[in-house]
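Morning, everyone. Please have the sequence and the coordinates open. I'll keep this short.

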Amino acid sequence: MINIKVLGPGCANCKRVEAAARKVVTELQLEAEIEKVTDMAEIMKWPILSTPGLVINGQVVASGRIPTEAEIAAWLKQAA
């Protein structure tokens, strides 16, 4: 199972990243756990300078921007 974390306080961009990740997981029919991390103390443990952040299986793949669905799909295929 793939572990996905969306790091951010719950802003509009954070919600877009989460929605895109959920859509790609559904389209690719992957088993994945998607976790929203909104606690700033927890977010600060990750090496990101700005939110939203996207972590797949413990590796930060994007931060400070909204990755495209194609990028997310490529990362998830690599992680699967």
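I'll go through one helix, the cores, a cavity and a few backbone details. Keep in mind that this is a predicted model.

Let's start with helix α1. It runs over residues 12-28. That is 17 residues, reaching 24 Å from the first C-alpha to the last. The expected span at 1.5 Å a residue is 24 Å, and the helix comes close to that.

Now, which residues of α1 are buried? They are C14, V17, E18, A20, A21, V24 and V25. Look down the axis of α1. The buried residues fall within an arc of 160°, so they line one face of the helix. Turn to the face away from the buried side. There you find the exposed residues K15, T26 and E27. What covers the buried residues of α1? The cover includes β1, β2, β3 and α3.

Next, the cores. As a general point, nonpolar side chains in soluble globular proteins tend to be buried together. In this model the largest nonpolar core has 16 residues. The residues with the most contacts inside it are I4, I34, L54, I56, I72, W75 and L76. Elements giving two or more residues to this core are β1, α1, β3 and α3. The largest share comes from α1, with five residues. Apart from this core lies another one, of six residues. Among them are L7, V37, I43 and W46.

Back to I72 for a moment. Leaving out residues up to four places away in sequence, I72 touches A20, A21, V24, L54 and P67. Three names there should sound familiar: A20, A21 and V24 are on the list of buried residues in α1.

On to E71. Where does E71 sit? It lies in helix α3, residues 69-79. Is E71 buried or partly exposed? Its relative accessible area is 26%, so it counts as partly exposed. The cut-off for buried is under 20%. As for distance, E71 and I43 are 28 residues apart in sequence. In space they are 22 Å apart, C-alpha to C-alpha.

Now the cavity. How many cavities of 30 Å³ or more are there? The count comes to one. The largest cavity holds about 40 Å³ of space. Its lining is V6, G8, G10, C14, K15, E18, K36, V37 and T38. Both α1 and β2 supply at least two residues of that lining. The largest share, three residues, comes from α1. Two of these lining residues came up earlier: C14 and E18 are buried in α1. Another, K15, is exposed and sits on the face of α1 turned away from the buried side. And V37 belongs to the core of six residues.

Last, the backbone. Take Q29, just after α1. This residue is in the loop between α1 and β2. Its phi is near 55°, a positive value in a residue other than glycine. Q29 has 72% relative accessibility, so it counts as exposed.

N57 also has a positive phi, near 50°, and is not a glycine. Its place is the loop between β3 and β4. At 39% relative accessibility, N57 is partly exposed.

One more item. Which peptide bond is cis? The bond from T51 to P52, with omega near 0°. P52 is in the loop between α2 and β3.

That's the tour. Questions, please.

How values were computed:
Residues numbered from 1 in each chain as written. Predicted model: local features only at pLDDT ≥ 70, side-chain atom pairs only at ≥ 80, totals over all residues. Heavy atoms only, no water. Helix = DSSP H or I, 4+ residues; strand = E, 2+ residues; numbered from the N terminus. Buried < 20%, exposed > 50% of the residue type's maximum accessible area, 1.4 Å probe, protein only. Core = buried A, V, L, I, M, F, W, Y, C linked by side-chain atoms within 4.5 Å. Contact = heavy atoms within 4.5 Å. Expected span 1.5 Å × (residues − 1). Arc of directions from axis to C-beta. 1 Å grid on protein atoms, 1.4 Å probe; cavity = no way out; pocket = protein on both sides within 12 Å on 5 of 7 lines; lining within 4 Å. Points joined across faces, edges and corners; volume = space filled by probe spheres on them.
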